[in-house]
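Dear colleague,

I am passing on the structure we spoke about, and my notes on it follow below. Please read them with the coordinates open.

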Amino acid sequence: MSIESISLSGRKKEVSNKKMNFWESLYLVAIVKGLFTTIRHLFKRKVTIKYPEQVRPFSPVYRGQHMLKRDELGRENCTACGMCAVACPAEAITMTAAERKPGEEHLYREEKYASVYEINMLRCIFCGLCEEACPKDAIYLTESKVIVKSSTNREDFIYGKDKLVMPLEMAIKNTKSVN
């Protein structure tokens with residue numbers, strides 16, 4: 001058995017460099033095949049939707065905008081453990097931990113909290129691994145249809161706690177709906 005006859009895929013073809021005749025060199029057959037393909041696509045049903053009037057339904061596993069949860073008293077759940085940042089495959093999450101000072105018990109649940117919590121939305125792939133890694137259930141991806149807004153400035157895509165922390169009214173409303 002020679003090395004030339006071995007084929008890993010089993011689809012080995014011998015390539016020949018035979019000279020084309022006059023009709024083959026005109027490429028008429030190839031042009032007619034291409035036109036036939038184009039004409040066939042003209043009569044197929046279009047998959048385009050008319051966006052503003054018709055909205056495409058989202059997938060049941062859709063993961064939208066990130067949000068940092070608050071508890072029923074309005075305190076932040078995040079304890080800056082860093083598990084979400086470690087689990088993020090795109091390395092989009094950065095945080096800085098700080099110690100809670102006396103008198104800040106109404107703001108943070110634990111002694112340690114995230115003084116800086118940022119997600120780079122240009123790097124985020126919305127995989128949901130940060131949500132699964134969080135032991136305090138502090139971060140989650142919402143089901144809202146809010147998409148990251150477009151911009152020409154890179155700094156606009158770095159979401160800090162001002163854009164990520166759940167509004168206090170929403171936290172209060174969630175506790176009323178549970179009770």
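Contact here means heavy atoms within 4.5 Å, and please bear in mind throughout that this is a predicted model.

With that meaning, and not counting residues up to four places away in sequence, Lys 161 touches Leu 68, Glu 76, Tyr 108, Tyr 113, Ala 114, Ser 115 and Tyr 117. Lys 161 lies in helix α5, which spans residues 161-164, and because its relative accessible area is 17%, under the 20% limit, Lys 161 counts as buried. Its side chain is joined to that of Glu 76 by a polar contact of 2.8 Å.

Tyr 117 appears again in the largest nonpolar core, a set of 22 residues in which Ile 93, Tyr 117, Ile 119 and Ile 139 touch the most other members. The elements giving two or more residues to this core are β3 (112-120) and β4 (139-141), and β3 supplies the largest share, 3 residues. Leaving aside neighbours within four places in sequence, Ile 93 is in contact with Cys 84, Ala 85, Cys 88, Tyr 117, Glu 118, Ile 119 and Cys 130.

On the surface there is a nonpolar patch with about 1,200 Å² of accessible area together, whose members include Met 20, Phe 22, Trp 23, Ile 31 and Phe 43. Two or more residues of the patch come from each of α1 (22-26) and α2 (28-42), with α2 giving the most, 5 residues. Trp 23 lies in helix α1 and is classed as exposed because its relative accessible area, 60%, is over 50%.

With best wishes

Note on methods: Residues numbered from 1 in each chain as written. Predicted model: local features only at pLDDT ≥ 70, side-chain atom pairs only at ≥ 80, totals over all residues. Heavy atoms only, no water. Patch = residues over 30% accessible without salt bridge, like charges linked within 9 Å, V, L, I, M, F, W, Y side chains within 5 Å. Areas by Shrake-Rupley, 256 points an atom, 1.4 Å probe, with all protein chains shown as cover. Salt bridge = Lys/Arg side-chain N within 4 Å of Asp/Glu carboxyl O. Helix = DSSP H or I, 4+ residues; strand = E, 2+ residues; numbered from the N terminus. Buried < 20%, exposed > 50% of the residue type's maximum accessible area, 1.4 Å probe, protein only. Polar contact = N/O pair within 3.5 Å; in protein donor to acceptor, adjacent residues only side chain to side chain. Core = buried A, V, L, I, M, F, W, Y, C linked by side-chain atoms within 4.5 Å.
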